[in-house]
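Here is a short note for a colleague opening this structure for the first time. Please keep the 3D view at hand while reading.

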Amino acid sequence: MEDTYNNRTSLVKGAKDIVKEAKKHATKKVNKAVDRATDEYSSHRNYTRFQDEVDEDEDFYQNPPRQDGESYPDNEEGSSDATEGHDDEDEIYEGEYQGIPSSAGDKKQGQVALGKPMSDGTKDRGELEQERQADEEELAQQYELIIQECGHGRFQWQLFLVLGLALMSDGVEVFVVGFVLPSAETDMCVPNSSSGWLGSVVYLGMMVGAFFWGGMSDKVGRRQCLLICMSTNGFFAFLSSFVQGYGFFLVCRLVAGFGIGGAVPIVFSFFAEVLSREKRGEHLSWLCMFWMIGEIYASAMAWAIIPHYGWSFSMGSAYQFHSWRVFVVVCALPCVCAVVALTFMPESPRFYLEVGKHDEAWMILKQIHDTNMRARGQPEKVFTVNRIKTPRQLDEFVEMESESGNPVSKAFFRIKAEVRGIYLNLMKCFNYPMRENMLRLAIVWFTLSFGYYGLSVWFPDVIKHLQADEYASKVKIHNNERIEGITFNFTLENQIHKNILFINDHFVNMKLKSVTFIDSTFRNCYFDDVTSVGSFFRNCTFIDTFFFNTDIDESKLIDGTEVINSTFTHNKTGCQMTFDDDYSAYWVYFINFLGTLAVLPGNIVSALLMDKIGRLSMLGGSMILSGISCFFLWFGTSESMMIFMLCLYNGLSISAWNSLDVVTTESFPTVRRGTGFGFCNALCKLAAVLGNLIFGSLVGITKAIPILMASSVLVGGGAGWTTAA
């Protein structure tokens, strides 16, 4: 028995010595193989040699001798169909199917399978994350060469158009709110106390959506998240055009904004991951043009549709579908087209590699390569990559929900867990060495957005005020008159009737448009089918007067108006639309259309010069120039001059937006790109909300404060970025 025990102890000790010795040999061989592979693909881009050579020591380590003297069966997991079609010199025969190769990470893990559990158990979380970071750096170098081999061609342009539609939908969503806001509030009889909530609610939804969907795209994939958020936006945008209550309309636009909020961070992250470094700046700038196209599309459709009050139908008095609702439906079409087109596109291969899905990533990269080669007329060219690095996958500690929980609690728990994961990923963006760059990006996003969105709200209202002042200067005033036995069956517009006595007069099938009656008396008068748009009765008296089918109610009878022995019958219900009566509707929409067209030359210039001038120089210079041009709005004394300065400001500021999108995309590693970009875009929407509230409250009060505020934040943000850079 003692001999048996001693023999067993000796065998165990010998086995441990063999394992230790084998680990030393394996470590040396792996390091040599990695160094050799790095030098080889850096100089020759020959990916077929990424497979580590196996010598006697590695074979001994992978298949140690058994106690009974027999050998282990061959390890088929380590083999790959990628070796098929190779000759003795390890060259690939063109035209031969190579199969799906295994990853370099899998091969490496297979070589140290016996020692891995022991070594990982002795490492803390920090050491494992450092190893993953080293793997990511190695993958980044290799992936850049792979994308260069795949080339830039048909696949990238197809994805460019699909993602462009999604980005266009975001641009439409931003401006559709401002265009329908006056119409929706009028149509739904929204009191002044609730006015303006629509714009703020949509931006809040986009703010939350940018952070949530950007973070989720780092966990479940770019394409899947983009499909979900675009589908959410399209569905609720369509639904909002049919709802009648203002509260339900707010909810629909809130959810639609939450959906479209994820478009910008996901679109730029997705497209950047199929572009080589030398192509990235230029083509991301071209992609930015779709946001401008969305702005032009929204402005043109608003100009063409909303002022046409005849483009509507009704079902009794309960359901009204006016022209602004048609505009909302038309603006949802780019989102629907993006969803349909996106179903035919694959996931980002870079994301698949980050999460360890080597085979899926390899298949997509081969698809990119083959698509581009066929378009070039080189279908026989073979995709030579047979081994791609996959970073070490770290286990996440997930708190599990009890199986006995109800579906609601499980859903809430899942959302809570996902949000916590996004938050933890975001916190890593503020760790060294990314902290300083993250803070700078946050400041620039906030300052640029605050100035831009603040002016986008302020400027149209300023134009309206200028036009209203001009309109008011042409008002006709009638004083101290007596009108008796007259029938009014025509439109009265832009008039003030003060201290007028109406006796036995008939107001039939007519419209009162911006007419004010002050201290007037109506005796034995008759009102039939009268619509009053922007008209009021101040301190007037109605005696023995009959109202039939009119919209004259308590909201029009103000400042002590008295009604004595008078009758109201079949009053018109709902709010009367004012599009055909709005003297400024066409002009304001046309001004926005001109402002968006002015962006086109700036967009082209920024795309052509992005890689030549540099992202940082273009960003800082564009912000400073746009801030200076904004300052000159102070000297605008006419509509034409204000419009010219607006076009100049838009043309100069677009380069800053394009540069900021490119810089933000390139500032984060793949595993945190969506989260970091989503956070910055959420700051953008927060600045938009603050800009709406602050600039909107100053309309009609003063011109100096909005202009100085926007100009100072733009120049300050640009100067700060340029100095830090």
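The points below go through a set of paired strands, one residue in a strand, one residue in a helix, and one further helix.

1. Start with the status of the model. It is predicted. Please read every point below with that in mind.

2. Go to strand β8, residues 506-518. Strand β5, residues 487-488, pairs with β8 in the parallel sense. Two bridges make up that pairing. Phe488 has Phe507 in β8 as its bridge partner.

3. Next comes strand β6, residues 492-498. β6 and β8 run parallel and are joined by six bridges. To find the pairing on screen, look for Gln495, whose bridge partner in β8 is Val515.

4. Strand β10 covers residues 526-533 and also pairs with β8. The sense is parallel, and there are seven bridges. Met510 is a good place to look: its bridge partner in β10 is Val530.

5. Strand β11, residues 536-538, pairs with β8 as well. Three bridges link the two, again in the parallel sense. Here Thr516 stands opposite Phe536 of β11.

6. Stay with β6 for a moment. Is Asn494, a residue of this strand, buried or exposed? Asn494 counts as buried, because its relative accessibility is 11% and the cut-off for buried is under 20%. Beyond its neighbours within four places in sequence, Asn494 is in contact with Tyr471, Lys474, Val475 and Lys476 and with Lys513, Ser514 and Val515. Val515 has already come up, as the β8 bridge partner of Gln495.

7. Now turn to helix α8, residues 222-240, which holds Cys229. Cys229 counts as buried because its relative accessibility is 0%. Compare its position with Ala210: the two are 19 residues apart in sequence, and their C-alpha atoms are 9.9 Å apart.

8. What does Cys229 touch, leaving aside neighbours within four places in sequence? Its contacts are Trp213, Gly259, Ile260, Gly262, Ala263 and Ile266. Two of these, Ala263 and Ile266, are among the buried residues of helix α10.

9. Finish with α10 itself, residues 263-272. Ten of its ten residues are buried, so the helix is largely enclosed by the rest of the structure. Three phenylalanines are in the buried set: Phe268, Phe270 and Phe271. Val264, Pro265, Val267, Ser269 and Ala272 are also included.

Methods. Residues numbered from 1 in each chain as written. Predicted model: local features only at pLDDT ≥ 70, side-chain atom pairs only at ≥ 80, totals over all residues. Heavy atoms only, no water. Pairing = 2+ DSSP bridges. Helix = DSSP H or I, 4+ residues; strand = E, 2+ residues; numbered from the N terminus. Buried < 20%, exposed > 50% of the residue type's maximum accessible area, 1.4 Å probe, protein only. Contact = heavy atoms within 4.5 Å.
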